[in-house]
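The exercises below concern salt bridges in a predicted model. Work through each one with the sequence and the structure in view.

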Amino acid sequence: MPYRIYDVTDELKDMIMDMGAKIRDVQPLFDGSMLGDKVKSNYKYKTDIPDFVDEIIEEKLYR
């Protein structure tokens, strides 16, 4: 059976970097807002992780 070996190093690196940047944005502040609402980041996301995290947060907020 044929098989292929994929090098996902760059994809994994992008996912880890995007998640780290998103974690910074969702840090809660004392006034109930999030750090990303107060301080805008110039980081350019390369994956759809921000959308995924935002969807999870909204789902938990509006339950």
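**Exercise 1.** Determine how the side chains of K38 and D31 meet, and decide whether D31 is buried or exposed.

*Solution.* Begin with the contact itself: the side chains of K38 and D31 meet with N to O at 3.1 Å, and because the cut-off for a salt bridge is 4 Å, the pair qualifies as one. Turn next to the surroundings of D31, whose relative accessibility is 53%; since exposed means over 50%, D31 counts as exposed.

**Exercise 2.** Describe the salt bridge between D54 and K22, place both residues in the chain, and classify the accessibility of each.

*Solution.* First, the N to O distance between the side chains of D54 and K22 is 2.9 Å, and they form a salt bridge. This pair links distant parts of the chain, as D54 belongs to helix α3 (residues 49-61) and K22 to helix α1 (residues 9-25), with their positions 32 residues apart. Finally, D54 has a relative accessible area of 30% and is partly exposed, whereas K22, with 9%, is buried.

**Exercise 3.** Find the partner of R24 in a salt bridge, and classify both residues by accessibility.

*Solution.* The partner is D25, and the closest N and O atoms of the two residues are 2.3 Å apart. R24 is partly exposed at 28% relative accessibility, while D25 has a relative accessible area of 13%, which means that it is buried, the limit being under 20%.

**Exercise 4.** Which residues are linked in a network of salt bridges, and how many salt bridges does the count come to?

*Solution.* The network links K13, D14 and K46, and the count comes to five salt bridges.

How values were computed: Residues are numbered from 1 along each chain as its sequence is written. This is a predicted model: local features need pLDDT of at least 70, side-chain atom pairs count only at pLDDT 80 or more; totals for chains, interfaces and linings use all residues. Side-chain values use heavy atoms; hydrogens and water are left out. Helices (H or I, at least four residues) and strands (E, at least two) are DSSP runs, numbered from the N terminus. Buried means under 20% relative accessible area, exposed over 50%, partly exposed in between (1.4 Å probe, protein chains only).
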